[in-house]
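Please explain how this protein chain is built, beginning with its overall architecture and moving on to individual residues. A formal account suited to a first-year student is requested.

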Amino acid sequence: MTLCATFSLVSGVVWAFSDPSDTPAVTAARANDAAGGGAPPARQASHAPLARSLPVKIAIPGIFIEAPVTGLDLDEKGRLGAPPMGRPKVVGWFRGGPSPGEAGTSLIVGHRDTKTGPAIFLNLNALHPGDLVKVTRADRTTAVFTVDEVKKYAKDRFPDNKVYGAARRPELRLMTCGGNFDKKNGYAANVVVFAHLVSVRKQKA
């Protein structure tokens, strides 16, 4: 199974065009480490799975993200379309898989940058174990995930089973591009955030 032209579920993300370095979010994350906040927290138990419901918004407080979610499908060649390049602040959810909060592995992807500048997942690699990811769903619940680990994988050594494999509990993967960039081949790696469901918040009617 593959993602759109330059973002493959097998070979990795190669969308983007620049490689920004330090940003406020990255600097804040490093300051947190220096203050003693970088040690991995105790692993939190998983919340019971939720019924299927479409995700509408994602929020990641640790890197100051709040973004709408659009659904993504596979094309006739089995490639998953990326979020529109003209909407760099939107993330895409693979709606052929579990919705965030359902049992199994839910996948959300986003651009790191575009020809016009930074995009929504620019600082995804600045997340730490214990950081929260909040996904608001159409059923007026918010699925709250905690980050377990953040990894960078070279495209030619991408661990498909680890990233996309089936899971009994509700899990979430966030993905974007990473590593070195060149104009011919794009980025050399993927950044992958692994997270699992820890709580659910219900919106008041």
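In β11, the residue that forms the bridge partner of I58 is V135. This pairing is a suitable place to enter the model, which is a predicted one. The residue I58 belongs to a contact between two strands: β4, covering residues 55-60, and β11, covering residues 132-137, are joined by four bridges and run antiparallel.

The pairing of β4 with β11 has a place in a wider arrangement. Eight strands close into a barrel, and their order is β4-β5-β7-β8-β13-β14-β12-β11. The pairing within this barrel is mixed. On average, neighbouring strands of the sheet are turned by 35° against each other, with direction ignored. As a general point, the side chains of a regular strand alternate between the two faces of the sheet.

The chain as a whole may be described next. It contains two helices and 14 strands. The protein chain has 205 residues, of which 49% count as buried. Its accessible surface comes to about 9900 Å², and 53% of this surface belongs to carbon and sulfur atoms. Consider also the contacts between residues at least 6 apart in sequence: 67% of them join residues at least 24 apart.

Strand β13 deserves a closer look. This strand spans residues 170-182 and is mostly covered, since ten of its 13 residues are buried. On one side of the barrel order, β13 is joined to β8 by six bridges, and these two strands run parallel. Within this pairing, L107 of β8 has R173 in β13 as its bridge partner. L107 has a relative accessible area of 6% and is therefore buried, as this value is under 20%. The C-alpha atom of L107 is separated by 7.7 Å from that of M175, although the two residues are 68 residues apart along the chain.

The other pairing of β13 to be considered is with β14, which covers residues 186-202. Here the two strands pair in the antiparallel sense over ten bridges. A hairpin of three residues joins β13 to β14. One of the bridges in this pairing links D182 with its partner G186 in β14.

Attention now turns to the loops. Which loop holds E102? E102 lies in the loop between β7, residues 91-94, and β8, residues 104-109. Its relative accessible area is 17%, so E102 counts as buried. A polar atom of the E102 side chain lies 2.8 Å from the backbone nitrogen of S99. Leaving aside residues up to four places away in sequence, E102 touches P49, L50, A51, R52, R137, P170 and E171. Of these, R137 lies within the range of β11, residues 132-137, and P170 lies within the range of β13, residues 170-182.

Two further loop residues are notable for their backbone angles. F64, in the loop between β4 and β5, has a phi near 60°, which is a positive value in a residue other than glycine. With a relative accessibility of 60%, F64 counts as exposed, because this value is over 50%. R140 lies in the loop between β11 and β12, and its phi is near 70°, again a positive value in a residue other than glycine. The relative accessible area of R140 is 40%, so this residue is partly exposed.

The final feature is a group of aromatic rings. A pair of aromatic rings is described by the distance of the centres and the angle of the planes. The structure holds three aromatic pairs. In one of them, the rings of Y153 and F158 have centres 5.8 Å apart and planes at 80°, so the pair is edge-to-face. F158 also forms a pair with Y164, and this one is tilted, with 5.7 Å from centre to centre and 35° between the planes. Ring pairs thus link Y153, F158 and Y164 into a cluster.

How do the members of this cluster stand with respect to burial, as buried or partly exposed? Y153 has a relative accessibility of 12% and counts as buried. F158, at 9%, is likewise buried. Y164, by contrast, has a relative accessible area of 23% and is therefore partly exposed.

Note on methods:
Residues numbered from 1 in each chain as written. Heavy atoms only, no water. Pairing = 2+ DSSP bridges. Axes fitted to C-alpha atoms, helices over the stretch in contact; angles between N-to-C directions. Buried < 20%, exposed > 50% of the residue type's maximum accessible area, 1.4 Å probe, protein only. Polar contact = N/O pair within 3.5 Å; in protein donor to acceptor, adjacent residues only side chain to side chain. Contact = heavy atoms within 4.5 Å. Areas by Shrake-Rupley, 256 points an atom, 1.4 Å probe, with all protein chains shown as cover. Phe/Tyr/Trp six-rings, centres within 6.5 Å; stacked < 30°, edge-to-face > 60°.
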